Structure formats: C-alpha cells, structure tokens
Amino acid sequence: MTPPPVVILRPEDAGALAELSRLADQDPWSEESWRDQLAQPATLVLATGDPASGLTGAIALSMVHEFAEILNLLIHPGYRRQGLASHLLATGLKRTGERGIDRLCLDVNVNNAAARALYAGFGFSEDGRRPRYYSDGSDAMLMSCKVAGTTGLPG
Ligand SMILES: CC(C)(COP(=O)(O)OP(=O)(O)OC[C@H]1O[C@@H](n2cnc3c(N)ncnc32)[C@H](O)[C@@H]1OP(=O)(O)O)[C@@H](O)C(=O)NCCC(=O)NCCS
C-alpha cells in the first residue's frame with residue numbers, strides 16, 4: 001500500500017488536532033494547547049488525513065538546537081495497525097536528521113505496550129524512568145534513538 005501524504009500543520013489546524021486528540025488520546029490536548037504548540041517556532045507537527053475533513057494521525061516534534069523530542073503521536077482508532085504511526089515516525093526521524101540533530105527523545109507510559117513496541121521497532125532504547133509521572137500514577141519511560149545514519153525505517 002502506498003503510504004499516504006504527510007502534511008505540515010499550522011496554527012489554524014488546532015481544531016482538527018484537538019478532535020484527533022479527543023478520539024485517540026487518554027489525556028487529550030485542548031484546541032488551545034495545540035494552537036499554542038503550533039505557534040512555537042521549535043514545534044513541527046506532521047499529519048496524515050485532511051485537516052478540513054478529519055486527520056487520521058499526527059506526530060508533534062520539538063527541535064531546539066541539537067535537542068529533538070517527540071511531544072505526541074496519535075493515530076485515529078479506526079486507522080491503527082496499518083503502519084501510519086511508523087510512517088509518521090519515519091518521516092519525523094528524516095526531518096530531524098535533515099536538521100543535523102543526532103538523537104530523538106521521548107517519554108512513554110510504561111503501560112503503553114503498543115507505543116513501546118512501536119518505538120522498540122525503530123531502535124529506541126530505555127534511558128531511565130520518571131516515577132509516577134502520569135496522572136494515573138504510572139511511570140514514564142524515557143527513551144531515545146540515534147538519528148544520524150538511521151534509515152528512518154523500523155527494524
Ligand atoms: C501507539 C500508536 C501510535 C500506534 O499506531 P499504529 O499506526 O497503530 O502503529 P503501526 O501500525 O505503525 O504499528 C507499528 C508497530 O508497532 C507495534 N504496535 C502497534 N500497535 C500495537 C498494539 N496494539 N499492540 C502491540 N504492538 C503494537 C507493532 O510492533 C507494530 O508492528 P506490526 O503491526 O507489524 O506488528 C496508536 O496505537 C495510538 O495512537 N495509541 C494512542 C496514543 C498513544 O499511545 N501514543 C503514543 C504516545 S507516546
């Protein structure tokens with residue numbers, strides 16, 4: 001299957017992201033939070049689907065000098081296990097590498113088996129934990145992956 005086009009979102013797309021967040025995230029970001037994020041020069045939000053009629057997935061990255069972080073990654077529940085997160089993550093890794101950034105970091109709920117499997121497939125490894133980081137009391141796992149020299153592909 002041909003991967004769908006990836007679009008770069010702008011502050012006016014905050015409503016579409018809030019709707020995706022509401023459907024896909026246990027702890028959704030509001031439209032205002034997304035608008036604030038999208039207005040940050042360091043933030044890059046890449047998405048699949050159509051901001052006007054509905055997004056199917058999105059990845060939010062922050063890139064400041066040599067530091068890059070995944071802020072959020074969401075796939076619409078009706079579009080999971082079709083490779084969309086992998087496609088967005090590969091595109092995000094490519095963009096990060098193009099900026100000369102060497103490592104991409106993230107934090108993930110230790111109980112989020114799906115996301116952990118996704119990141120492990122891309123070569124992310126555990127750097128440490130933040131105890132009771134999430135509102136449900138669970139720990140955050142800190143992970144990172146080397147960007148330079150990666151193919152941007154899992155496995
Ligand atoms: C985690 C999430 C982003 C995965 O999106 P996706 O588009 O379904 O992922 P992909 O189809 O690209 O899957 C790639 C690999 O990740 C792993 N994976 C994805 N979903 C999984 C699941 N439910 N259980 C186990 N492994 C899973 C598998 O290894 C999968 O490869 P495979 O399908 O060949 O077995 C999606 O489930 C989601 O949006 N969850 C809610 C939000 C969230 O947890 N975001 C991560 C924040 S850190």
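**Overall fold and sheet architecture**

The protein chain is made up of four helices and seven strands. The coordinates come from a predicted model, and the description below should be read with that in mind. From the N terminus onwards, the elements of the protein chain succeed one another in the pattern β-α-α-β-β-β-α-β-α-β-β. The radius of gyration of the protein chain is 15 Å, close to the 15 Å that the globule rule gives for 155 residues, so the chain is as compact as a globular protein of that length. Taken along the principal axes, the box filled by its C-alpha atoms is roughly 40 × 35 × 35 Å.

A look at packing and contacts adds to this picture. Among the 155 residues of the protein chain, 31% count as buried. Of the contacts in the protein chain with a separation of 6 or more, 55% are accounted for by residues 24 or more positions apart.

Turning to the strands, one finds an open sheet formed by seven of them, with mixed pairing and the order S1-S2-S3-S4-S5-S7-S6. Its edges are strand S1 (7–8) and strand S6 (125–130), each of which pairs on one side only. In general, the strands of a sheet pair through backbone hydrogen bonds, and they do so either parallel or antiparallel.

The edge at S1 can be followed down to individual residues. S1 and strand S2 (residues 43–50) run antiparallel and are joined by two bridges. Within this pairing, Val7 has Ala47 of S2 standing opposite.

Methods
Residues numbered from 1 in each chain as written. Predicted model: local features only at pLDDT ≥ 70, side-chain atom pairs only at ≥ 80, totals over all residues. Rg over C-alpha atoms; globule rule 2.2 N^0.38 Å. Buried ≥ 20, exposed ≤ 12 C-beta atoms within 10 Å, placed from the backbone. Contact = placed C-beta atoms within 7 Å. Pairing = 2+ DSSP bridges.
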